[in-house]
Structure formats: structure tokens, C-alpha cells
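Student: I am new to this structure. Please pick one part and take me through it closely, then go on to other parts.

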Amino acid sequence: MKKRMSLLLAIMLLAITVLAACSSGGTAEQPSQGEQTEQTPPAEGDKDTTEPPAETGDESQGYFEAENPSANPANALARKDTLVVGMTAPKGVFSPFYWQTAYDKYVVEAIFDSFFSLNGDGTYNNRLAESVEVSEDKLKYTFKLKPGVTYSDGTPVTVKDYAFAMKVYHDSSYDGQSDLMSVHIKGGKEYNEGKAKDISGIKVIDDHTIEIEVTEANAMTKDNLGTIPFVPEAYYGKGYKQGNLEYMKDLHAKPIGSGQYVLKSFSPGQEVVLEANPNYFLGAPKIKNVIYKTTTEETRLAMFQSGEIDMDMVTVNEDNVEALKEMGFLDINIFPTNGYGYVAMNHKDPKFQDPKVRQALIYGLNRAEVVEIIYGQYANVINIPQSSESWAFTNEGIEPYEFDMEKAKQLLDEAGWAPGADGIREKDGKKFEIHFSATADNPVIDALIPVMTQNYQELGIKLTAETLDFNAIMDKKDKGEFDMFFAAWGLTPDPDSTVYITDGQQNDIGYSNPDYDAAMKKGLNAFDLEERKAAYAEAYQVLNKDVPDLPIYQRRDAWAINSRLNGIDITPYKDFAIDLYKAEIQQ
């Protein structure tokens, strides 16, 4: 069959004993559309050997092929060389160094390449790398670049560009979300502190060979080194001086890479237009033009029906899945999300600094009701920030925090928050009020806010919500100007992450616990899988007890794909943009 069948893949993932991963962390995403990334690559024929999981009777996940492709709308059929992908509007940060949202990442993945590329099962294969050699002590890594690779402007790709990218990540003024300092490249700290002009552990042997030496290795070292983006130093490094990366912001919407596509235009809030790179080293993409068109929860189904878009991630609920199936011409790919939805709390706010208060907030929120309203059978309440698909997932020693209003009230009493004359709890003369930054046009918010407002009112907490678009909430998050907001994390295949690490690159909420930090370090530094599992179980137990934020659900992802498309490869670990050059339109 022409498509990858997601349920069988998900079952296969449970049997995987070792997974590699992207650089640590995840992807901040619009919760209504998705939660946000080496061995031998799978053979092309491997995609088409499974049977539709819908036949197993599990309607909550699987690959459901179109029942009536002939119903395809005229607008879609008229596009012979153009693919239109619907999504939430990207912010326009099309930089491999600075992107934050999944939607900017889709652009970055189409334009830039690295030594490694992600497979559907969460492992890696060589992309720009011709070979990789690792020393016996795992402290030296020698990467050889494939010959003949060029950037879209025609200039040759060399490992000097890789070395420049390393300088950017180690620059004292770098404030993106990647944390290459944690890779412990020899001389990296000295360069970051301005004590050296170069990173001593990075040696360019020739234009196609580079050696990286680290002072200590861990389970992620090879993959972190292999996923550094190649950027032309002549373009991104023009005028570069240590300690001043401010100029790079002017290049966010003008990217140049060696990847599958080239950015032709960007209309904020409307669309991103990409054109195939005819000189792509793996062969020119089969689809000449790709447009990322902005959609919303209210518009995307109608845009499918009219043929304005060819594929999009759709909020997975019974009504939407039924509506997609009724159109007849859409394939529907439903699989467990490698990510989770959560409510963030600002730990710099005194009212959220007491663990008893945070425990009360999760006991006092009927998460099961919220999940049922939004997703029905297509999601599950979670209690740790990890996908049930991950080898690191655990239920051992995990408190389920089932809805218990009396327990929540007791915890608030113990924390010193007593009900006032108007029923609102008070402490030290301050009322317990929460200002919630809510995403506009979001079905999750539509279900969450009424339930949360009612539950917390009974608990003695006043909740007020302001409605903003997703990017505005991300801006408030970056500035620390929030009480609570709802968002989602897209996870990498490996559980290593900086989201809750003290002062971590992706720690947006200000949480800190040395026991968690220690457990995460133990997991990262272990090479044995069982040792890593035990360490991450310990880390999740700490988070479960501490409740740094309110984990709400792990849901399914649902991608609707026009049946005339072939080669669109999407799994819990891999998004469509990674191998977009393989996709084609059936004529």
C-alpha cells in the first residue's frame, strides 16, 4: 500500500530498545493543532507493507484511507505542481538558531539540513554525513561531509559552516532555546566567556572533515552533534563578533540553507511560499511549490472542502473525524501525539511557589471532564510530562491526582489560604486571583476555561481570562508576564529536556528542584538503557509530587491528507517537512 500505517508503527515503537534524539527539549505549539524533533534508513519499500489499522477495530488511531477519491474538489485537482499545507500562522523566525514554534520549525526543516535526519521511529540516519567515527572513549567524533553539496545560492557547503554554527550556539549573547553548552565541547566554555577566539575542541581537518572533542560524553552527545544545522558562514557570519548576535534577527525572514526548498515569500498571518531547490543533493523535490497557508479551527474544514488546502493537522474529536471521513477524498492519519498539553504557572509569582498550592490546583481541576469534552476517546489524562509511547514512560510511584475537591480545599487550608467574606481565599492580605492568558479560537480553551472557572470558584479562587493569539501569548511567556496559560510541548524522541531544569534553556516557568536536576543528569550520563529508564522514572516522580505545571492530556494527532498526495511521511516522532522532497502529486 502507498501509505505508512500509523497504528502498527506505534506498536513497533513500543518494542524499540534504544532511541536516539534531537537536541534536548521540545517545541512550543498551538495546542489546538499539535504538541511539538542513527541507524540505517528504512528501505523505500518498507512503507507499504502494513495493513490499515482501522481493520483492527480501534477507531481512536490508525490510517484511514479515502473512500471516495473521485470527490476531490476542482480547486485541488487544478494544482499540478503545488502543495498547500494548512497550519497556524508561523511567527516568521525562520532561523535554525532561534525558532520556537512548531510552525516556524516546519519552514526551517524544509530549508536547512544537518549531518543527521530523523527517521519515523525516532532514530537517526545520515543526511549530510557521509560517515561518522566515534573514538573508543566516546570523547572524539569525526564527521565527514558528503561531497558536492551546495547552498541554494550556489556556494559550496563546507564543515567550516558547521564550525561557525557551533560558535553561534556558544556565543555569550546567544539567547535561543538550544543548549549546546551542555554538550561539553572542549573549549566551549572558554569561548563563551570570551577567553578564547576559537573553540579548541573543534578542528577542521579539510573542507569535508571535522573533528569534535568533548570533555565528557553522554547518551545524547553524538546525536546533538549530528543535528547542528549547516548555515553559510559568508551570509550568517558576515560581520560576526563574539558577544553580538543582534544582527541575526534581521535574517530571520531571509533564510539561506542547503535544504529541500527555498523561501520565496512570507506574508505574516497569511502564508509562507516555498520553491523547490533544483540543486538539492538528494534530488530536486518532486513538488515544485509548497505553500504553508494560515488556517484556524473555524476555517480548516471548509478550506479542505473547497480544495484550498491539501493537508492540515485537525483537532482530533469525533465530530471532526466524522466530517473528514464524510468528505470522501481525504486520507486520515491518527496516531498518539509525542507531546502533551499543560497549564503553565509562573513560579516567580509567590502564590504558585508552595507545592501544596500547586497540588491543590491539580486536585481541584476536573481534568477528565475537560479531556472528555474536547477529545472524547482521542485523548487521555496524564500525570507526567512524557508520552505513553516513550521508552521512558512510567506509572510507578505516580500519583494520578483524580478530581478531589475536598482534598484540594484541605491543601489550601494547610498552605494558609483561608476563605474570605466573599468566598475568595486570602493570605497575607492578598486574594487568590489567577489571570489566565487564553488562546483565541481554540477548542481546548473553550472547554478548559468554563470548567476551570467553576472548579476554582468552588475552591475559593477567582479566575479571569484574557484572550490573545498564540504568538502574543508566547511573547508574554518570553517576558515572564503571565500567571497561567495553556500550551503544548512537542517532545523529542529522547526524554532529555531542559523544560524543568533549573535555569534550563526551555524552562519558561522558573521551576527549580535540585533532586529533579540530579535525576535528569543521571539519565543523560548513563549509556545503559535500563539505567536511563530508572533515572528518568525518578525524575518524573519528583515532577509528579512537585506539580511544576498542570499536565492535562496526551491526545492523538490527526492529519488529513488529500488522497492525490503520495509520500507524506508523518509519525509520532517525525513531521511532514523532514522528507518533503519525496512527496508527489498523483496526476
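Tutor: Strand β13 (residues 311-313) pairs with strand β23 in the antiparallel sense, over three bridges. Strands here are DSSP E runs of at least two residues, helices are H or I runs of at least four, and both are numbered from the N terminus. Two strands count as paired if DSSP finds at least two bridges between them. This is a predicted model, in which local features need pLDDT of at least 70 and side-chain atom pairs count only at pLDDT 80 or more, while totals for chains, interfaces and linings use all residues. Residues are numbered from 1 along each chain as its sequence is written, and side-chain values use heavy atoms, with hydrogens and water left out.

Within the pairing with β13, D312 has A560 of β23 as its bridge partner. Strand β14 (residues 330-336) also pairs with β23 in the antiparallel sense, over seven bridges, and there F335 stands opposite D557. Strand β15 (residues 339-345) is another antiparallel partner of β23, with three bridges; V343 is matched with L550 of β23. β16 pairs with β23 over three bridges, again antiparallel, and A379 has R555 of β23 as its bridge partner.

Burial fits into the same account. A residue is buried under 20% relative accessible area, exposed over 50% and partly exposed in between, for a 1.4 Å probe and protein chains only. In strand β23 (residues 550-562), 13 of the 13 residues are buried, so the strand is largely enclosed by the rest of the structure.

The loop that follows β16 contains an unusual backbone angle. Y401 lies between β16 (379-381) and α12 (405-414), and has a positive phi of about 50 degrees although it is not a glycine. Y401 counts as buried, at 5% relative accessibility. H184 also has a positive phi, near 65 degrees, and is not a glycine either. H184 sits in the loop between α4 (159-170) and α5 (188-192), and is partly exposed, with a relative accessible area of 29%.

Two further strand arrangements can be followed in the model. Strands β10 (residues 261-267) and β11 (residues 271-276) run antiparallel and are joined by six bridges, with Y261 opposite A276 of β11. They form a hairpin with three residues between them, and G269 in the turn has a positive phi of about 80 degrees. Elsewhere, three strands make an open antiparallel sheet in the order β17-β18-β19. β17 (418-419) and β19 (430-431) stand at the edges with a single partner strand each, so one side of each has no neighbour in the sheet. β17 is joined to β18 (residues 425-427) by two bridges, and A418 has E426 of β18 as its bridge partner.

Next come the aromatic rings. Rings of Phe, Tyr and Trp (its six-membered ring) pair if their centres lie within 6.5 Å, and planes under 30 degrees apart count as stacked, over 60 as edge-to-face and the rest as tilted. By this rule the count is 32 aromatic pairs. One of them, F97 with Y236, is edge-to-face, 6.5 Å centre to centre and 75 degrees between the planes. F97 is in the loop between β3 (82-87) and α3 (102-111) and Y236 is in helix α7 (residues 233-236), so the pair ties together parts that are 139 residues apart in sequence. F97 is buried at 1% relative accessibility, and Y236 is buried at 2%. F116 and F143 form a tilted pair, 5.9 Å centre to centre and 55 degrees between the planes. This pair links strand β4 (residues 116-118), which holds F116, to strand β7 (residues 140-145), which holds F143, 27 residues apart. Both F116 and F143 are buried.

A charge sits over a ring if NZ of Lys or CZ of Arg is within 6 Å of the ring centre and within 35 degrees of the ring normal. The charged end of K325 sits over the ring of F64, 4.4 Å from its centre, and that of K138 sits over the ring of F527, 5.4 Å from its centre.
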